[in-house]
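User: I should like to learn how to read salt bridges, the nonpolar core and surface features in a model of this kind. Could we begin with the salt bridges?

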Amino acid sequence: NKTNPLNVTPPIQAVDQDRNIQPPSDRPGILYSILIGKPATYAEYFSLNRTTAELMLLKPIDREIYRRFDLVIKVRKNSKCTHTVPFM
């Protein structure tokens, strides 16, 4: 069976609310990461693509040992902007 990427419902997705303020070439991307998870062994089983938010299974999960995983996803802007804009 095809396992990866995992089908997550609802999908992991963030939207930059200021996306229409900057020209497309200056818009920062969005980066995703797993902030914390339970049980503590979650990192052995899951990987998150930083730019697409695709959740990948790294190895099979023994359902007799693990019934559930809780993951907290962190989202931030990948700002490439190096100039400042004066405030008047």
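Analyst: A salt bridge is counted where a side-chain nitrogen of Lys or Arg lies within 4 Å of a carboxyl oxygen of Asp or Glu. Side chains of opposite charge can pair when their charged atoms come close. The model shown here is predicted. Lysine 59 forms a salt bridge with glutamate 44, and the closest N and O atoms are 3.2 Å apart. This pair links distant parts of the chain, 15 residues apart: lysine 59 is in the loop between β3 and β4 (70-78), and glutamate 44 is in helix α1.

User: How many salt bridges does a search of the whole structure find?

Analyst: The search finds two. In the other, aspartate 70 pairs with arginine 68, with the closest N and O atoms 2.8 Å apart.

User: Which of the terms buried, partly exposed and exposed applies to each of these four residues?

Analyst: The reading rests on relative accessible area: under 20% is buried, over 50% is exposed, and values in between are partly exposed. Lysine 59, at 34%, is therefore partly exposed, and glutamate 44, at 42%, is also partly exposed. Aspartate 70 has a value of 33% and so counts as partly exposed, whereas arginine 68, at 60%, is exposed.

User: Let us turn to the overall fold. What is the order of the elements from the N terminus on?

Analyst: The order is β-α-β-β-β, that is, one helix and four strands. Among contacts between residues at least 6 apart in sequence, 54% join residues at least 24 apart.

User: What share of the residues is buried, and how is the accessible surface made up?

Analyst: Buried residues account for 19% of the 88 in the protein. The accessible surface is about 7300 Å², and carbon and sulfur atoms contribute 52% of that area.

User: How should the nonpolar core be read, and which of its residues touch the most other members?

Analyst: A core is read as a set of buried nonpolar residues joined through their side-chain atoms. The largest one here has 13 residues, of which Ile34, Tyr45, Phe46, Ile61 and Phe69 touch the most other members. Two or more residues come from each of β1, α1 (42-45), β2 (46-48) and β3 (55-57). Strand β1 gives the most, with three residues.

User: With which residues is phenylalanine 46 in contact, leaving aside its neighbours within four places in sequence?

Analyst: The partners of phenylalanine 46 are Leu6, Ile34, Leu55, Met56, Leu57, Leu58, Ile61, Phe69 and Leu71. Among them, Ile34, Ile61 and Phe69 also appear in the group of core residues that touch the most other members.

User: Which residues form a nonpolar patch on the surface?

Analyst: Leu35, Ile36 and Val72 form such a patch, with about 270 Å² of accessible area together. Leucine 35 belongs to strand β1 (residues 29-38). With a relative accessibility of 49%, leucine 35 counts as partly exposed.

User: Where is lysine 74 placed, and which residues does it contact beyond its neighbours within four places in sequence?

Analyst: Lysine 74 lies in strand β4 and is partly exposed, at 40% relative accessible area. Leaving aside those sequence neighbours, lysine 74 contacts Leu31, Tyr32, Ser33 and Leu35. The C-alpha atoms of lysine 74 and tyrosine 32 are separated by 5.7 Å, although the two residues are 42 apart along the chain.

Technical notes:
Residues are numbered from 1 along each chain as its sequence is written. This is a predicted model: local features need pLDDT of at least 70, side-chain atom pairs count only at pLDDT 80 or more; totals for chains, interfaces and linings use all residues. Side-chain values use heavy atoms; hydrogens and water are left out. Patches are made of residues with over 30% relative accessible area and no salt bridge: like charges are joined within 9 Å, nonpolar side chains (Val, Leu, Ile, Met, Phe, Trp, Tyr) within 5 Å. Accessible areas come from the Shrake-Rupley method with a 1.4 Å probe; for residues, only the protein chains shown count as cover. Buried means under 20% relative accessible area, exposed over 50%, partly exposed in between (1.4 Å probe, protein chains only). A nonpolar core is a set of buried Ala, Val, Leu, Ile, Met, Phe, Trp, Tyr and Cys residues joined through side-chain atoms within 4.5 Å. Contact means heavy atoms within 4.5 Å.
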